[in-house]
Amino acid sequence: MQYFAFIDNKIGRIIAQEVALYSDKLKIAGRVDLVAQWDGEYSIIDFKTSKKVKTNEQEIPYKQQICAYAVCFEEMYGIKINNGIILMSAYNASDMLAPRTNMWQFDPFCYLDDLQDTIDKYKQHRMKRQAEKLTTNPTNPWVLADLALIHICRCRRIERCRSRWSPYH
């Protein structure tokens with residue numbers, strides 16, 4: 001119950017909850033958990049669960065996700081988000097009734113270069129996989145249909161999300 005009181009004291013005005021976001025600049029889309037005031041400052045707030053506490057290195061993808069949401073939100077609504085909050089409850093079978101909760105507060109735009117690198121690596125990997133499909137069996141109708149769909153999506157800029165946030169094609 002202390003946890004809920006803590007959150008209630010921190011969160012102010014709620015701006016958006018479970019809202020779809022996209023960025024034409026970064027070519028990404030996703031659905032944000034919560035955009036609200038945290039201690040009076042506009043913030044992207046993301047809730048996570050895990051079986052164990054994450055290390056600093058393991059947190060980076062979560063921070064990149066918050067960065068993506070901040071970029072998308074600013075691009076769509078013109079409101080700059082300077083605060084990212086990740087609330088993670090870590091539990092295992094032995095402490096299921098008393099989960100440990102971690103909170104990270106940070107400037108999401110510090111992760112913009114890392115996010116761009118991740119997007120670029122994803123696109124390179126995807127293009128490599130598509131080329132491998134075509135060279136292994138170019139007459140397979142499923143391969144041709146997939147390549148045609150990818151081409152249509154690129155031409156018409158249609159979103160195709162494979163996870164909570166992913167580059168669209």
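**Exercise 1.** In this predicted model, find how many residues the largest nonpolar core has and which of them have the most contacts inside it.

*Solution.*
- Step 1. Count the set: the largest nonpolar core has 24 residues.
- Step 2. Rank by contacts inside this core: Ile28, Val35, Ile44 and Leu115 have the most.
- Step 3. Assign sources. Strands S1 (11-23), S2 (28-38), S4 and S5 (100-106) each supply at least two residues, and so much is also true of helices H2 and H3 (112-136).
- Step 4. Pick the main contributor: H2 gives the most, with nine residues.

**Exercise 2.** List what valine 35 touches, leaving out residues up to four places away in sequence.

*Solution.*
- Step 1. Apply the contact cut-off, heavy atoms within 4.5 Å.
- Step 2. Read off the partners: Ile14, Ile15, Ala16, Ser43, Ile44, Phe73 and Ile81.
- Step 3. Look beyond this core. Another core lies apart from it, with eight residues, including Ile7, Ile11, Trp38 and Leu87.

**Exercise 3.** Decide whether strand S4 (residues 83-90) is mostly covered or mostly open.

*Solution.*
- Step 1. Use the burial cut-off, under 20% relative accessible area.
- Step 2. Count: eight of the eight residues of S4 are buried, and the strand is mostly covered.
- Step 3. Split by direction. Asn83, Ile85, Leu87 and Ser89 point one way; Gly84, Ile86, Met88 and Ala90 point the other way; all are buried.

**Exercise 4.** Describe how strand S3 (residues 41-50) and S4 pair, and how the chain links them.

*Solution.*
- Step 1. Sense: S3 and S4 pair in parallel, over eight bridges.
- Step 2. Register: isoleucine 45 stands opposite isoleucine 85 in S4.
- Step 3. Connection: from S3 the chain passes through helix H2 (residues 56-77) to S4. This β-α-β crossover is right-handed.

Technical notes: Residues are numbered from 1 along each chain as its sequence is written. This is a predicted model: local features need pLDDT of at least 70, side-chain atom pairs count only at pLDDT 80 or more; totals for chains, interfaces and linings use all residues. Side-chain values use heavy atoms; hydrogens and water are left out. Buried means under 20% relative accessible area, exposed over 50%, partly exposed in between (1.4 Å probe, protein chains only). Helices (H or I, at least four residues) and strands (E, at least two) are DSSP runs, numbered from the N terminus. Two strands pair if DSSP finds at least two bridges between them. A crossover is right-handed if, with the strands pointing away from the viewer, the path from the first strand over the helix to the second runs clockwise. A nonpolar core is a set of buried Ala, Val, Leu, Ile, Met, Phe, Trp, Tyr and Cys residues joined through side-chain atoms within 4.5 Å.
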